[in-house]
Structures are given as structure tokens and as C-alpha cells.
Amino acid sequence: MSKPAYKRVLLKLSGEALMGDDPYGINRSTIERMVADVAEVAKLGVELAIVIGGGNIFRGVAPGAQGMDRATADYMGMLATVMNALALADAMRHVGITARVMSAIGIEQVVEPYVRPKALQYLEEGKVVVFAAGTGNPFFTTDTAAALRGAEMSAEIVLKATKVDGVYTADPKKDPNATLYHKISFDEAIASNLQVMDATAFALCRDQKLPIKVFSITKPGALMRVIMGEDEGTLVHV
Ligand SMILES: Nc1ncnc2c1ncn2[C@@H]1O[C@H](COP(=O)(O)OP(=O)(O)O)[C@@H](O)[C@H]1O
Ligand SMILES: O=c1ccn([C@@H]2O[C@H](COP(=O)(O)OP(=O)(O)O)[C@@H](O)[C@H]2O)c(=O)[nH]1
């Protein structure tokens, strides 16, 4: 049997993908399907660190946040990721995977704080670590948190599981003529201002020589194919 291509990965799960076809929130069958994919990979012995987004919850409260101070709205967004992280860890428990949630902002009664050596220890013990609250700072995104935690955990690659199946020449949701890249360099992605990930995340990964794979979370078996090093999604490389 072929072996996984990676020993340790940082998986960024889109918050917005969690809502499935619902207008906002967490869709039960969607999260169960995502967790089934993750469990399959964890059972291969691949060490999994996960950063989860918050767009699915934050989008629901966004109309009420209009005109709000940006930093305050961002803290609400970070709290949304904590809710998703708790839901994700609980769904993993249901399928026999031990997960630990660590938060970048202090809310000790709810989840333990992020402590790098502790996170590394969990990974070595074969537990899945779910990083909540992004970087803990407003004006950042969970994509940047994925780049940061990926570097801190010495992950071999950042896997961005999103709603599209890779990086396109333009936003495929807006431009029907956009074509998919098989691979693209960080410099090219930044210079072309491709919006699939923010420039801060791209720059951090480029400087740390941490490659990114962008692929679809809704496509059956895509995560496993990425883990096995098969041809799937787009590789963003140095
Ligand atoms: N050049 C591009 N290639 C692929 N996707 C793009 C591009 N430009 C914009 N996008 C959009 O970026 C979205 C993914 O980024 P984001 O909204 O941050 O998702 P996530 O919730 O996964 O973090 C895609 O759904 C896609 O519509
Ligand atoms: O380090 C971070 C990470 C996230 N956020 C806030 O949390 C929200 C939810 O994260 P994101 O949009 O990245 O989630 P996703 O796109 O994956 O659903 C963001 O919009 C920001 O408002 C933040 O302020 N700092």
C-alpha cells in the first residue's frame, strides 16, 4: 500500500464551508462529512493540526455588525472560530478521534490557551489539535493563522480546504473564463493579487518556505488524494 506524502500537515478548514447549503451556521451533515474525511487521514498516522475559520457564523451576525469598529467585529469573528472549533472537536470525538482545542485568546473556562510546546506534544501523541481564535489579533485572517501555526508546528505543508478546487487565474465564482493553475509560485500569486488567500498568509509561507495546497473540501476524496501526494488542487510553491 502506498504511504502518505506527509508526516505532519496544517489543515485550514473554511468556516463558510461548514454551513453547507444553509444561509449561516453549522450544517450537521456537512461537518460530519468533513470529519469523516479528516478521520480517514488521522487513522493513517498523519499528524494533523487544524485551523478553522469563522465565516459561517460571522456572516450570520454581520448585518448587526455593520458600522462597527473593525477590531471589535474581528474579535467577534475570532469568537465564531472558537464555536466552530468546539463543534469540530466534538464531532471528531463521535468518530473516535481525540482532538484538543487551543485558543489564541484567553478563555480558559471554555478551551485551553495556545501553548506551542503543548500543541507539539499533542501532535506527537497522535491527537488532532484544533487552533481556535485565529492569530488572536484583529486585522488578520484564519488563513494567516494557518500559515503562522503551520510554521510554528513545523508542518510540511499548509492544506487550504476551501469552496473552490484550486487557484484560478481569476475568482471562478465571478469569472466563468477563469482557468485552474496546476501550480503557481508565491511571487506570482502575490503579484497577480489572487484573492484565494490573503497576501499576508502567502508572504509568511513564502518566507518560511512552507508550500500551500489549495483544494476543494466539498469534492469527495480530495483531502485523501492531497495527503497521498496525488494530483489534486493547486500547489503554491517558493
Ligand atoms: N484566483 C482565485 N482562485 C481561486 N479562488 C478565488 C480566486 N480569487 C478569489 N477566489 C475566491 O476565494 C474563495 C476562497 O477564499 P476565502 O473566502 O478566504 O475562503 P475560506 O472560507 O476557505 O477561507 C473562493 O471561494 C473563491 O471564490
Ligand atoms: O487572526 C485572526 C483570524 C480571524 N479574525 C476574524 O475572524 C473572522 C473569521 O475568520 P475567516 O474570515 O478567516 O474565516 P473563513 O473565511 O475561513 O470562514 C475574520 O473575518 C476576522 O474578522 C481575526 O480578526 N484575526
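Q: Which residue has a polar backbone atom 2.7 Å from a nitrogen atom of ligand 1?
A: The model here is a predicted one. A polar contact needs a pair of N or O atoms within 3.5 Å. A nitrogen atom of ligand 1 meets that cut-off at 2.7 Å, and its partner is a backbone atom of Tyr168.

Q: Which residue places a polar side-chain atom 3.0 Å from an oxygen atom of ligand 1?
A: Look at the side chains this time. An oxygen atom of ligand 1 has a polar side-chain atom 3.0 Å away, and that atom belongs to Lys160.

Q: How far is a backbone N or O atom of Val196 from an oxygen atom of ligand 1?
A: This contact uses the backbone of Val196. Its partner is an oxygen atom of ligand 1, and the distance is 3.3 Å.

Q: What share of the area of ligand 1 does the protein bury?
A: Start with the ligand by itself. Taken alone, ligand 1 exposes 570 Å². Of that area, the protein buries 84%.

Q: How many residues of the shell around ligand 1 are charged?
A: There are 17 residues around ligand 1, and Lys12, Ser14, Thr162, Tyr168 and Asp171 come nearest. Sort the shell by type: seven are nonpolar and four are polar. The charged residues number six.

Q: Where do Lys12 and its strand sit in the numbering?
A: Lys12 belongs to a strand, β1. That strand covers residues 8–13.

Q: Why do Lys12, Leu13, Ser14, Gly15, Gly55, Arg59, Thr162, Tyr168 and Asp171 not all gather at one spot?
A: UniProt, in an unreviewed entry, lists these residues as "binding site". They span 160 residues in sequence. They do not all gather at one spot, because the farthest two C-alpha atoms lie apart by 24.4 Å.

Q: Which pocket takes in Lys12, Ser14, Gly15, Gly55, Arg59, Thr162, Tyr168 and Asp171 in its lining?
A: These residues come from the UniProt set that includes Lys12. The space taken by ligand 1 is also a pocket to check, and it is the largest pocket. The lining that takes in these eight names is that of the largest pocket.

Q: Which residue has a side-chain N or O atom 2.6 Å from an oxygen atom of ligand 2?
A: Now turn to ligand 2. One of its oxygen atoms is 3.1 Å from a polar backbone atom of Gly15. One of its nitrogen atoms is 2.7 Å from a polar backbone atom of Asn137. The side-chain contact at 2.6 Å is made by Thr135.

Q: How much of the accessible area of ligand 2 does the protein cover?
A: On its own, ligand 2 has 520 Å² of accessible area. The protein covers 85%.

Q: Which helix gives the most to the shell around ligand 2?
A: The shell divides into three nonpolar, 12 polar and three charged residues. One helix, residues 70–94, gives three residues to it. That helix is α3.

Q: What is the largest C-alpha distance among the "binding site" residues that include Gly54 and Thr142?
A: An unreviewed UniProt entry gives this set, with Asp74 and Thr135 also among them. The residues are spread over 89 residues of sequence, yet they cluster in space. Their largest C-alpha distance is 14.2 Å.

Q: Where is Gly54 found?
A: Gly54 is one of the residues in the lining of the largest pocket. Ligand 2 sits in the largest pocket. Along the chain, Gly54 is in the loop between β2 (47–52) and α2 (55–65).

How values were computed:
Residues are numbered from 1 along each chain as its sequence is written. Chains are lettered from A and ligands numbered from 1 in the order in which they are written. This is a predicted model: local features need pLDDT of at least 70, side-chain atom pairs count only at pLDDT 80 or more; totals for chains, interfaces and linings use all residues. Side-chain values use heavy atoms; hydrogens and water are left out. A polar contact is a pair of N or O atoms within 3.5 Å; within protein, one must be able to donate a hydrogen and the other to accept it, and residues adjacent in sequence count only if both atoms are side-chain atoms. Accessible areas come from the Shrake-Rupley method with a 1.4 Å probe; for residues, only the protein chains shown count as cover. On a 1 Å grid over the protein atoms alone, a cavity is a set of points where a 1.4 Å probe fits but cannot get out, and a pocket is an open set with protein on both sides within 12 Å along at least five of seven lines; lining residues have an atom within 4 Å of a point. A molecule sits in a cavity or pocket if more than half of its atoms lie within 2 Å of its grid points. Helices (H or I, at least four residues) and strands (E, at least two) are DSSP runs, numbered from the N terminus. Ala, Val, Leu, Ile, Met, Phe, Trp, Tyr, Cys and Pro count as nonpolar, Asp, Glu, Lys and Arg as charged, and the others, Gly among them, as polar. UniProt positions are given in the numbering used here, feature names are shortened, and annotations may be inferred rather than shown by experiment. A residue is near a molecule or strand if one of its heavy atoms lies within 4 Å of it.
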